[in-house]
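Visitor: I would like a close look at a single part of this protein, its nonpolar core, and at how the rest of the chain is arranged around that part. Could you take me through it with care?

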Amino acid sequence: MHDSIRIGFTYKTNFWNNKKSSGTIYSGVGPINECYDHSNANGNLYALSGFMNASFYNHTREERKTLALKQLQSYYGPIALDFENYEECVWKHEKHTTIGDSTNNLQPQQNNGHPLYRKAQLNNRLFIAGAETSAVFPGKMEGAITSAGNVYKLLKAIYK
Ligand SMILES: Cc1cc2nc3c(=O)[nH]c(=O)nc-3n(C[C@H](O)[C@H](O)[C@H](O)COP(=O)(O)OP(=O)(O)OC[C@H]3O[C@@H](n4cnc5c(N)ncnc54)[C@H](O)[C@@H]3O)c2cc1C
């Protein structure tokens with residue numbers, strides 16, 4: 001995810017869900033660029049979650065939280081401040097997915113959907129599944145599901 005920043009708040013109610021609002025936010029001024037209703041399917045846990053502009057990686061967790069709340073408050077009023085939990089992931093700080101030398105960044109997703117990923121390897125002992133292997137929507141949820149289906153078919157054909 002390169003330098004993405006993900007933020008999320010849980011709430012006691014889904015106050016954003018009314019005739020005039022859905023919890024979906026797109027903002028060109030930020031700091032939250034995108035935000036969605038992340039409540040559960042049963043409708044008894046409520047959350048807003050989305051992406052913060054990557055340039056905020058150097059702020060503290062507390063500063064990011066405060067800035068995000070300020071933005072949510074500007075849309076929904078003071079009720080937005082009454083959250084239960086705040087969680088975030090600053091991908092730039094994730095040691096297993098970030099290269100320290102920022103001048104040598106890998107071009108993201110450059111081999112997505114490469115046909116080699118969809119071939120059985122090591123004499124039918126290694127199968128590669130995952131969103132990035134898919135010929136359709138590689139790197140996306142649809143790609144992940146398609147890829148799982150492809151590997152299932154491959155295994156079934158080989159080990160019938
Ligand atoms: C922040 C973010 C936002 C995204 N937004 C969207 C979006 O809006 N729309 C969209 O379509 N896609 C989006 N994606 C992409 C989508 O979520 C991924 O492409 C998809 O979830 C990948 O699915 P997967 O099954 O290939 O891999 P994953 O979901 O990554 O599953 C891999 C699993 O393997 C496990 N694992 C890793 N190593 C080992 C090991 N050694 N042993 C056992 N288990 C292991 C991991 O814990 C993980 O559970 C987003 C991704 C991120 C990170």
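Guide: In this predicted model, the largest nonpolar core is made up of 12 residues, namely Ile5, Ile7, Phe9, Trp16, Ile32, Cys35, Leu48, Met52, Ala68, Leu72, Ala80 and Val90. At least two residues of this core are supplied by each of four elements, which are strand 1 (5-11), strand 3 (32-37), strand 4 (46-52) and helix 1 (61-76). Strand 1 gives the largest share, with 3 residues.

To place these elements, it helps to take the whole chain into view. The protein has 2 helices and 5 strands, and along the sequence they follow the pattern β-β-β-β-α-β-α. The radius of gyration is 20 Å, well over the 15 Å that the globule rule gives for 160 residues, so the protein is more spread out than a compact globule. The C-alpha trace spans about 60 × 45 × 25 Å along its principal axes. Of the 160 residues, 16% are buried, while 51% of the contacts with a separation of 6 or more are accounted for by residues 24 or more positions apart.

The strands that contribute to the core belong to an open sheet of 5 strands, whose order is 2-3-4-1-5 and whose pairing is antiparallel. Strand 2 (25-26) and strand 5 are the edge strands, each of them pairing on one side only. Beginning at the strand 2 edge, strand 2 and strand 3 run antiparallel and are joined by 2 bridges, with Tyr26 standing opposite Glu34 in strand 3. These two strands form a hairpin with 5 residues between them, and Gly30 in its turn has a positive phi of about 65°. Gly30 is also joined to Pro31 by a cis peptide bond, with omega at about 5°, and Pro31 has its place in the loop between strand 2 and strand 3. As a general matter, most peptide bonds are trans.

Further into the sheet, strand 3 and strand 4 pair in the antiparallel sense over 5 bridges, and the bridge partner of Asp37 in strand 4 is Leu48, itself a member of the core. On the side of the other edge, strand 1 and strand 5 run antiparallel and are joined by 7 bridges. Here Phe9, another core residue, has Tyr86 in strand 5 as its bridge partner.

Ile5, also one of the core residues, shows how contacts from one position reach several parts of the chain. Leaving aside residues up to four places away in sequence, Ile5 touches Phe51, Met52, Ala54, Phe56, Tyr57, Glu88, Val90 and Trp91. Among these partners, Met52 and Val90 are themselves listed in the core.

Trp16 is a core residue as well, and its C-alpha atom is separated by 9.5 Å from that of Ile79, although the two residues are 63 apart along the chain. Ile79 is found in the loop between helix 1 and strand 5 (83-90). Because Ile79 has 14 C-beta neighbours inside 10 Å, it counts as partly exposed, whereas a buried residue needs 20 or more.

Ahead of strand 1, His2 lies in the segment that comes before that strand. His2 has 14 C-beta neighbours inside 10 Å and therefore counts as partly exposed. Apart from residues up to four places away in sequence, His2 touches Trp91 and Pro108; Trp91 is also one of the residues that Ile5 touches. From His2 to Ala129, which is 127 residues away in sequence, the C-alpha distance is 21 Å.

There is also a ligand, surrounded by Met1, Ser4, Arg6, Gly130, Ala131, Gly139, Lys140, Met141 and Ala144. By class, this shell has 4 nonpolar, 3 polar and 2 charged residues.

Two residues outside the core deserve a last word for their backbone angles. Most residues other than glycine have a negative phi. Asn123, however, has a positive phi near 55°, and lies in the loop between strand 5 and helix 2 (141-158); with 6 C-beta neighbours inside 10 Å, Asn123 counts as exposed. Phe137 likewise has a positive phi, of about 45°, although it is not a glycine, and is found in the loop between strand 5 and helix 2, where it counts as partly exposed because it has 16 C-beta neighbours inside 10 Å.

How values were computed
Residues numbered from 1 in each chain as written. Predicted model: local features only at pLDDT ≥ 70, side-chain atom pairs only at ≥ 80, totals over all residues. Core = buried A, V, L, I, M, F, W, Y, C linked by C-beta atoms within 7 Å. Contact = placed C-beta atoms within 7 Å. Near = placed C-beta within 6 Å. Nonpolar A, V, L, I, M, F, W, Y, C, P; charged D, E, K, R; others polar. Rg over C-alpha atoms; globule rule 2.2 N^0.38 Å. Pairing = 2+ DSSP bridges.
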